[in-house]
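Colleague: Thanks for making time for me today. Could you walk me through this model, one question at a time?

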Amino acid sequence: MTRLSFSLAVAALAAVTSAQAAELPAEIKQAGTLKLTVNSTYAPMEYRDPATNELVGLDIDLANELAKRLGGLKIAWSETPFAELIPSLQTRRADFIISGISDRASRRETADFVDYLATGPQFFVMADNAAKDATDLCGKKVGTTRSTSFPVEIEKWSKQNCEPAGKPAIQYVPGENSIDVRNQLKQGRIDAAVQGSETLPYAQSQEPGKYRIVGDAFAKGYQGIMFRKDDAALREVVTEKLAAMIADGAYKAILDKWGLGANAVAQPMMNAAPQ
């Protein structure tokens, strides 16, 4: 996205939130229910609480607060593999997607993103791994979730930082989801892993002393609420409510609850991620 188009996108969203209140689509208003589907393997964004088996997480809290502000809508939650999230949106099994999904240019052909959380891929290793710098991972086996943007980001980083220094390229190893990737790491099948900066603090808190982050996030992106292109009215009213949540502190309280205050955005942004 160019700087001009990004500015126009932000301006358009600002206009939405400052103009007359957007209207909830009649069919959703009449039903009184939002249909939302998530991939519940991405703590702390959405996951099943091991103690209660309840669906919890940052995205769950944000969606519940949005539903309350959209006239007290109920949410009919469903769960699906990550690869089925976008098909669930396009086949209208979901009204929108809020499930740790990254805004990517390749996904904008049929959908729009309202970006609400800063993110970026980070390398991490087992705590006893000898790697001190990210370049120590050149030539090593690095795992990440296959359906994310991270495989491309790893390849790009390797070409910029390993090969020019005469070091072997990183060997990418695919995983099904973040749990699978961490299991591969613990089992010694990979040397390091890459996950989003929003997930690692939670993983470290759940298994203290087990993992160590290596280097800073090596790319910048955003997670977004994903809408069908033809659902502009729903996108606008959700954007309006999200902007109000940012303004009155409800958004910050939810992010702080999950230890992700540093990932906050100043305002909702449409299709703002650079990749």
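Modeller: Happy to, and one term first: a residue counts as buried when its relative accessible area is under 20%, and as exposed when that area is over 50%. Please keep in mind that this is a predicted model.

Colleague: Let me use that term straight away. Is Phe 227 buried or exposed?

Modeller: Phe 227 sits in strand β12, which covers residues 221–228. Its relative accessibility is 0%. The cut-off for burial is under 20%, so Phe 227 counts as buried.

Colleague: Which residues does Phe 227 touch, leaving out those up to four places away in sequence?

Modeller: The contacts include Leu 89, Phe 96 and Thr 110. Leu 234, Arg 235 and Val 238 are also among them. The rest of the list is Ala 111, Asp 112 and Val 114.

Colleague: Now the helices, please. What is the orientation of α3 relative to α9?

Modeller: Two packed helices are described by the angle between their axes and the distance between the axes. For α3 (residues 58–69) and α9 (residues 250–257), the axes come within 9 Å and cross at roughly 160°. Angles over 145 degrees count as roughly antiparallel, which makes α3 and α9 roughly antiparallel.

Colleague: And how many nonpolar, polar and charged residues are in the contact of α3 with α9?

Modeller: From α3 come Leu 58, Asp 61, Leu 62, Glu 65 and Arg 69, and they meet Ala 250, Tyr 251, Ile 254, Leu 255 and Lys 257 in α9. Sorted by class, the contact of α3 with α9 holds 6 nonpolar, no polar and 4 charged residues.

Colleague: Leu 255 caught my eye there. Is Leu 255 buried or exposed?

Modeller: Leu 255 belongs to helix α9. It touches Leu 58, Leu 117, Leu 260, Gly 261, Asn 263 and Ala 264, with residues up to four places away in sequence not counted. Its relative accessibility is 0%, so Leu 255 counts as buried.

Colleague: What is the orientation of α8 relative to α9?

Modeller: Helix α8 (residues 232–248) packs with α9 at an angle of about 75°, and their axes are 4 Å apart. Angles of 65 to 115 degrees count as roughly perpendicular, so α8 is roughly perpendicular to α9.

Colleague: Which residues of α9 meet α8?

Modeller: The contact of α8 with α9 divides into 6 nonpolar, no polar and 1 charged. On the α8 side are Leu 242, Met 245, Ile 246 and Asp 248. On the α9 side are Ala 250, Tyr 251 and Ile 254.

Colleague: That leaves one more pair. How are α3 and α8 oriented to each other?

Modeller: α3 and α8 pack at an angle of about 110°, with their axes 10 Å apart. Leu 62, Glu 65, Leu 66 and Arg 69 of α3 make the contact with Val 238, Lys 241, Leu 242, Ala 244, Met 245 and Asp 248 of α8. Since 65 to 115 degrees is the range for roughly perpendicular, that is the term for α3 and α8.

Colleague: At the bench I always ask about cysteines. How many residues apart in sequence are the parts that the disulfide ties together?

Modeller: A search of the whole structure finds 1 disulfide, and it joins Cys 138 to Cys 162 with an S to S distance of 2.0 Å. Cys 138 lies in the loop between β7 (121–126) and β8 (141–145), whereas Cys 162 lies in the loop between α5 (150–161) and β9 (171–175). The pair therefore ties together parts whose separation in sequence is 24 residues.

Colleague: Is Cys 162 buried or exposed?

Modeller: Its partner Cys 138 has a relative accessible area of 8% and is buried. Cys 162 has a relative accessible area of 0%. With burial set at under 20%, Cys 162 is buried.

Colleague: Last one, on the backbone. Is Asn 53 buried or exposed?

Modeller: Asn 53 lies in the loop between β3 and β4 (55–56). Its phi is near 65°, a positive value in a residue other than glycine. The relative accessible area is 51%, and exposed means over 50%, so Asn 53 is exposed.

Methods
Residues numbered from 1 in each chain as written. Predicted model: local features only at pLDDT ≥ 70, side-chain atom pairs only at ≥ 80, totals over all residues. Heavy atoms only, no water. Axes fitted to C-alpha atoms, helices over the stretch in contact; angles between N-to-C directions. Helix = DSSP H or I, 4+ residues; strand = E, 2+ residues; numbered from the N terminus. Parallel < 35°, antiparallel > 145°, perpendicular 65-115°, else oblique. Contact = heavy atoms within 4.5 Å. Nonpolar A, V, L, I, M, F, W, Y, C, P; charged D, E, K, R; others polar. Disulfide = S-S within 2.5 Å. Buried < 20%, exposed > 50% of the residue type's maximum accessible area, 1.4 Å probe, protein only.
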